[in-house]
Amino acid sequence: MTAALLDVEEKVATAVREQLGGAVEEVKVERKGRISIVVRKETARDVAAWLHEMGFDHTVAVAGIDRLAEKRIEVIYFVSSFSRDDFKHIVLSLKVNLDRDNPSLQTLTPIWESANFFEREAYEMFGVNFEGHPNLQKLLLQDNWDGPPPLRKDFKIPEMA
Amino acid sequence: MRIMVKTDGDLIVEATPDIGYVHRGVEKIAESRNIIKNIPMVCRPNIADDSHLNWSYIAPIEELQGVEVPERGLYIRTILCEMNRIASHLYGMAIMGGVFSGHTTMYMFGFGDRELLLDLHEMLTGARMTFSFSVPGGVRRDLPKGFKEKLLDTLDYLEFHLPAIDRIFLSNPIFVERARNVGVLRKEDAIRLGVVGPVLRGSGVRCDVRKDAPYGAYDKLDFEIPTFKEGDSLSRWLVRFEEIKQSMAILRQAIRDIPKGPIARKVPIVIPRGEAISRIESARGEINHYIVGDGSDKPYRVKMNTGSFKNLLALPFLLKGVHIGDLPIIYGSLDYWPIEADR
Amino acid sequence: MNAVSTAGAFWEGVKHMFKNRLTIKHPYQKHEIPDGYRGRHLLYMDRCIGCGICAWICPEKTITMVPVTNQKMYPQNPKNRFPQYWYIRCCFCHFCTDFCPTGALDYTKDYDLAEYEKELIIWSPERLSRVPEGRQGYRTEFHGWAGVNHVPLTRED
């Protein structure tokens with residue numbers, strides 16, 4: 001019974017492992033409707049193009065996490081599908097690990113145009129440089145902000161004291 | 001927010017939205033408070049549609065803790081969410097049909113009928129707008145005496161009064177000609193830009209999280225998803241109008257079928273290690289909360305993404321090449337809530 | 001779109017001029033408030049044990065624990081700590097009322113809390129324990145989720 005429920009997710013995970021092989025580091029089906037893939041930053045764009053062709057046509061969110069203890073910044077793209085009926089309930093998370101001192105990544109806007117404003121927010125909050133973005137400027141912070149990126153863990157606000 | 005517009009005579013050449021004036025840093029503050037103290041703060045970005053944001057914040061915490069909410073608690077959350085959806089859609093219709101069209105009749109219709117729903121909220125939760133009603137494990141209060149009769153009376157009155165909106169606005173060229181064929185969003189563009197909610201369903205894409213990935217009590221209730229294929233501002237307004245009728249049908253079924261039992265389970269105030277994401281359909285689109293836990297009572301990272309922020313990309317796209325008099329109608333049909341987008 | 005339907009729309013609007021209105025003429029008519037409304041708090045001083053859970057759970061840091069002068073009347077509170085509310089900060093979520101383990105806090109229907117002087121906004125424990133105009137508390141009606149066994153009210157003023 002459990003095998004039938006996770007049928008679609010297992011098919012997607014198997015297809016990713018077979019066809020992309022060395023480009024991804026880890027593929028996991030966590031529960032019904034949640035798949036997670038870890039890629040390297042060099043191959044992120046090819047994996048994204050392959051997923052777009054398979055049917056995942058829009059981004060749900062783009063999140064950044066600052067792992068201070070392990071000295072890395074993680075950028076996660078959550079994607080889902082509007083056009084394919086059997087993929088509508090899946091949220092696939094594409095995780096990329098970046099170096100904390102100088103994080104930069106090629107933008108995925110040519111593939112998923114809905115990631116435009118989300119990448120701008122990740123740029124100003126974490127300092128991640130998206131190469132090739134059409135309009136990389138501040139979105140939410142004030143224009144004359146000159147401090148460090150606010151959502152990093154070493155930026156303390158008075159309430160945390 | 002500001003919209004910076006470059007015009008050539010009467011036609012708009014380029015429009016750029018400038019947001020961020022109500023950014024308060026909810027995601028940063030949420031890392032320094034424990035999970036119960038976060039609840040009123042996370043609900044405040046959208047005060048008209050509060051119960052959906054609340055549920056979307058609680059759902060990943062319950063998933064990580066492995067707790068199962070009792071049936072009666074899920075039904076009470078569904079009832080509150082559907083009442084909230086009707087109130088929010090009346091607000092959205094009032095803004096576009098009233099204030100941005102230049103008169104106040106629709107505005108007063110929407111807000112007058114909304115008062116009856118706010119009275120129902122007050123009877124159930126104790127507050128009119130920002131309730132903070134769901135907690136990890138269930139809900140805070142049970143249905144009081146006399147709630148079922150008052151709810152059915154209100155639904156009967158709304159059914160009697162909604163055709164008046166139909167007769168005054170939809171058969172009247174003063175409103176219809178301003179909104180028909182204005183701001184057309186085709187199906188391919190809607191999927192490419194990643195819009196959600198009534199904006200997506202007004203362009204012909206039949207997608208709704210309540211049917212695709214059901215949560216709460218929605219898999220046991222019978223309702224439809226209204227979709228229109230023209231993609232103009234009038235069809236986005238009509239989607240909200242039809243959704244009010246579907247919500248009333250859901251409420252009648254839920255209040256008839258609600259089971260007896262406990263309303264909440266006791267859970268400890270701690271988030272285990274792990275990460276989870278939630279998907280809830282609010283009145284303006286799909287909202288997600290992504291929570292990373294590290295074993296203490298404070299979350300390590302809370303990421304919030306709301307329907308208004310996802311729909312923002314449609315605004316510069318739709319405003320190219322239209323007359324400047326059509327700008328209020330297009331902006332009103334997207335139903336943009338600035339605080340929800342800026343967080 | 002023809003003239004008939006437009007005229008019909010105007011006639012519908014004119015009919016509304018003669019119907020009942022939804023407005024209430026405040027302050028001559030008052031809005032009816034249901035039970036369990038989240039107004040200001042009511043403190044039962046003979047039940048408070050001074051644990052400070054209300055101050056810990058408050059999201060806005062509204063509550064501070066202060067001593068009172070006639071401590072001999074309340075032997076159940078050995079450390080002599082009672083809550084004091086600074087109502088400018090309160091968001092009326094009533095998590096303090098639901099989390100109290102002895103049921104010492106309660107809901108009231110009082111919402112007119114504006115004052116002319118800044119010092120009067122801080123409500124001391126004695127002022128919080130005054131019952132507003134012959135109204136009882138409502139806690140026996142609600143079975144809270146925080147797992148507290150509600151003690152039935154024994155006082156009626």
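This is a guided tour of a predicted model, moving from one selection to the next in the viewer.

**Chain B, coloured by confidence**

Begin by selecting chain B and colouring it by pLDDT, for which the mean over the chain is 90, with 100% of the residues reaching 70 or more. Within chain B, the lowest confidence falls in helix α7 (residues 173-179), where the mean is 83, while the highest is found in strand β6 (residues 285-293), at 93.

**Chain C as a whole**

Turn next to chain C, whose secondary structure consists of 4 helices and 5 strands. Followed from the N terminus, the elements of chain C come in the order α-β-α-β-β-α-β-β-α. Of the 157 residues in chain C, 39% are buried, and among the contacts in this chain between residues at least 6 apart in sequence, 73% join residues at least 24 apart.

**The interface of chain C and chain B**

Now show chain C and chain B together and select the residues in contact, which number 33 on chain C and 38 on chain B. The area buried between the two chains is about 2,900 Å², and carbon and sulfur atoms contribute 58% of it. Across this interface there are 9 residue pairs in polar contact, with both residues of each pair at pLDDT 80 or more. On the side of chain C that touches chain B, at least two residues are supplied by each of α1 (3-15), α2 (53-57) and α3 (95-99) of chain C. The largest contribution to that side is made by α1(C), with 6 residues, and the residues of the side divide into 18 nonpolar, 10 polar and 5 charged.

Which residues form the salt bridge between chain C and chain B? The count between these chains is 1 salt bridge, and selecting C:Asp98 and B:Arg140 will display the pair, whose closest N and O atoms are 2.8 Å apart.

**A helix of chain A**

Move to chain A and select helix α4 (residues 116-126), in which 10 of the 11 residues are buried, so that the helix is largely enclosed by the rest of the structure. Among the buried residues of α4(A) are A:Phe117, A:Phe118, A:Met125 and A:Phe126, and the charged side chains of A:Glu119, A:Arg120, A:Glu121 and A:Glu124 belong to the buried set as well. To see what surrounds them, add β3 (58-67), β4 (72-80) and β7 (129-131) of chain A, and then α1 (26-29), β7 (301-305) and α12 (307-311) of chain B, since the buried residues of α4(A) pack against elements of both chains. Just after the helix, A:Gly127 has a positive phi of about 85°.

**Salt bridges elsewhere**

Over all chains the structure holds 42 salt bridges, and a few of them are worth selecting one by one. B:Glu63 pairs with A:Arg31, with the closest N and O atoms 3.1 Å apart; this pair crosses between chains, from helix α3 (residues 50-65) of chain B to strand β1 (residues 24-31) of chain A. B:Glu63 is partly exposed at 36% relative accessibility, and A:Arg31 is partly exposed at 34%.

Within chain B, select B:Lys220 and B:Glu71, whose side chains meet in a salt bridge at 3.5 Å, N to O. B:Lys220 lies in the loop between α10 (209-212) and α11 (233-257) of chain B and B:Glu71 in helix α4 (residues 71-99) of chain B, so the pair ties together parts that are 149 residues apart in sequence. Also in chain B, a network of salt bridges links B:Glu82, B:Arg85, B:Arg201, B:Asp208, B:Arg210, B:Glu243 and B:Glu281, which can be displayed as one selection.

In chain C, C:Arg127 forms a salt bridge with C:Glu115, the closest N and O atoms lying 3.3 Å apart. C:Arg127 belongs to helix α4 (residues 125-128) of chain C, and C:Glu115 to the loop between β4 (105-107) and β5 (122-123) of chain C.

**Two backbone details**

Finish with two residues other than glycine that have a positive phi: B:Ser132, near 55°, and C:Phe92, near 60°. Is each of them buried or partly exposed? B:Ser132, in the loop between α5 (105-125) and β3 (134-135) of chain B, is buried, with a relative accessible area of 1%. C:Phe92, in the loop between β3 (82-86) and α3 of chain C, is partly exposed, with a relative accessible area of 25%.

Note on methods:
Residues are numbered from 1 along each chain as its sequence is written. Chains are lettered from A and ligands numbered from 1 in the order in which they are written. Side-chain values use heavy atoms; hydrogens and water are left out. Contact means heavy atoms within 4.5 Å. Buried area is the accessible area (1.4 Å probe) that two parts lose on being put together, summed over both. A salt bridge is a side-chain nitrogen of Lys or Arg within 4 Å of a carboxyl oxygen of Asp or Glu. A polar contact is a pair of N or O atoms within 3.5 Å; within protein, one must be able to donate a hydrogen and the other to accept it, and residues adjacent in sequence count only if both atoms are side-chain atoms. Ala, Val, Leu, Ile, Met, Phe, Trp, Tyr, Cys and Pro count as nonpolar, Asp, Glu, Lys and Arg as charged, and the others, Gly among them, as polar. pLDDT is the predictor's confidence in each residue, from 0 to 100. Buried means under 20% relative accessible area, exposed over 50%, partly exposed in between (1.4 Å probe, protein chains only).
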